[in-house]
Amino acid sequence: MNAVDLFAGPGGWDIGARRLGIEPLGIELDAAACNVRTHIAAGHPTLQADVAALDPLDFPCELLIASPPCTAFSMAGKGAGRDAMEEYANIARQRVEWWRTHADPGAPTEAVVAASSSRVADQLGLFGEAL
């Protein structure tokens with residue numbers, strides 16, 4: 001299956017796709033994320049480019065993965081989310097505590113912590129901990 005992953009980041013979606021036998025082409029602007037994709041995360045096919053500057057017709061695919069960045073936190077955004085990190089950390093702590101006391105332990109879950117900033121993980125009290 002021909003797949004393209006827009007805003008591919010370090011390759012989270014592509015790890016899952018690879019487990020399904022799909023090898024997407026990841027398109028990502030950030031050089032550090034591209035480095036992780038190509039050198040650290042087992043050589044995901046990667047094109048370093050601005051998605052907005054590309055012609056979609058140049059990338060025909062049967063599967064399109066698109067996870068645009070949250071501009072409040074992304075380096076591409078204005079950083080309002082980064083500026084309000086303590087408020088977000090408090091909200092996240094409350095959600096994690098609720099999840100720990102109410103969630104079905106067998107239910108699939110996803111925990112996303114900003115890999116580029118141990119400060120975020122430290123504030124959430126999750127550094128080195130998997131949910």
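Buried means a relative accessible area under 20%, exposed means over 50%, and partly exposed lies in between. Keep these cut-offs at hand for the exercises. The model is a predicted one.

**Exercise 1. Classify Gly26 and place it in the fold.**

Step 1. Take the accessibility. Gly26 has a relative accessible area of 0%, so it is buried.

Step 2. Find the element. Gly26 sits in strand S2, which spans residues 25-28.

Step 3. List the contacts. Skip neighbours within four places in sequence. Gly26 then touches Asp5, Ala8, Asp14, Arg37, Pro45, Thr46 and Leu47.

Step 4. Check a distance. Gln48 is 22 residues from Gly26 along the chain, and their C-alpha atoms are 8.3 Å apart.

**Exercise 2. Describe the overall layout of the protein chain.**

Step 1. Count the elements. The chain has 5 helices and 4 strands.

Step 2. Read their order. From the N terminus it is β-α-β-α-β-β-α-α-α.

Step 3. Look at burial. Of the 131 residues, 25% are buried.

Step 4. Look at the surface. About 8,900 Å² is exposed, and carbon and sulfur atoms supply 59% of that area.

Step 5. Look at sequence separation. Take the contacts with a separation of 6 or more. Residues 24 or more positions apart account for 44% of them.

**Exercise 3. Work out which face of helix H2 is buried.**

Step 1. Name the buried residues. In H2, residues 31-40, they are Ala33, Cys34 and Arg37.

Step 2. Look down the axis. The buried residues of H2 fall within an arc of 100°, so they line one face of the helix.

Step 3. Turn to the other side. There, His39 and Ile40 are exposed.

Step 4. Find the packing partners. The buried residues of H2 pack against strand S1 (3-6), H1, S2 and strand S3 (46-48).

Step 5. Inspect the start of H2. A side-chain oxygen of Asp30 comes to within 3.2 Å of the backbone nitrogen of Ala32.

**Exercise 4. Compare two residues of the loop between S1 and H1.**

Step 1. Place them. Phe7 lies in the loop between S1 and H1. Gly9 lies in the loop between S1 and H1 as well.

Step 2. Classify Gly9. Its relative accessibility is 13%, so Gly9 counts as buried.

Step 3. Classify Phe7. Its relative accessible area is 32%, so Phe7 is partly exposed.

Step 4. Check the backbone of Phe7. Phe7 has a positive phi of about 55°, although it is not a glycine.

Step 5. Follow Gly9 across the fold. Beyond residues up to four places away in sequence, Gly9 touches Glu28, Ala33 and Arg37. Gly9 and Arg37 are 28 residues apart in sequence, yet 7.6 Å apart from C-alpha to C-alpha. Arg37 is also one of the buried residues of H2.

**Exercise 5. Decide whether Ile22 is buried or exposed, and find its partners.**

Step 1. Place it. Ile22 is in the loop between helix H1 (12-19) and strand S2 (25-28).

Step 2. Apply the cut-off. The relative accessible area of Ile22 is 12%, so it is buried.

Step 3. List the contacts. Beyond four places in sequence, Ile22 meets Met1, Ala3, Ala17 and Leu63.

Step 4. Add a distance. Ile22 and Ala3 are 19 residues apart along the chain, and 7.2 Å separates their C-alpha atoms.

**Exercise 6. Identify the largest nonpolar core and follow one member.**

Step 1. Name the members. The largest nonpolar core has 5 residues: Val4, Leu6, Ile27, Ala49 and Val51.

Step 2. Follow Val4. Leave out neighbours within four places in sequence. Val4 is in contact with Pro24, Leu25, Ile27, Phe59, Cys61, Leu63, Leu64 and Ile65.

Step 3. Compare the lists. Ile27, a contact of Val4, is also a member of this core. Leu63 touches Val4 and also Ile22.

**Exercise 7. Classify Cys34 and Cys61, then count the disulfides.**

Step 1. Start with Cys34. Its relative accessibility is 6%, so Cys34 counts as buried.

Step 2. Go on to Cys61. Its relative accessibility is 31%, so Cys61 counts as partly exposed.

Step 3. Count the disulfides. A disulfide needs two cysteine sulfur atoms within 2.5 Å. The search of the whole structure finds 0.

Definitions and conventions
Residues are numbered from 1 along each chain as its sequence is written. This is a predicted model: local features need pLDDT of at least 70, side-chain atom pairs count only at pLDDT 80 or more; totals for chains, interfaces and linings use all residues. Side-chain values use heavy atoms; hydrogens and water are left out. Buried means under 20% relative accessible area, exposed over 50%, partly exposed in between (1.4 Å probe, protein chains only). Contact means heavy atoms within 4.5 Å. A nonpolar core is a set of buried Ala, Val, Leu, Ile, Met, Phe, Trp, Tyr and Cys residues joined through side-chain atoms within 4.5 Å. The arc is that of the directions from the helix axis to the C-beta atoms. A polar contact is a pair of N or O atoms within 3.5 Å; within protein, one must be able to donate a hydrogen and the other to accept it, and residues adjacent in sequence count only if both atoms are side-chain atoms. Accessible areas come from the Shrake-Rupley method with a 1.4 Å probe; for residues, only the protein chains shown count as cover.
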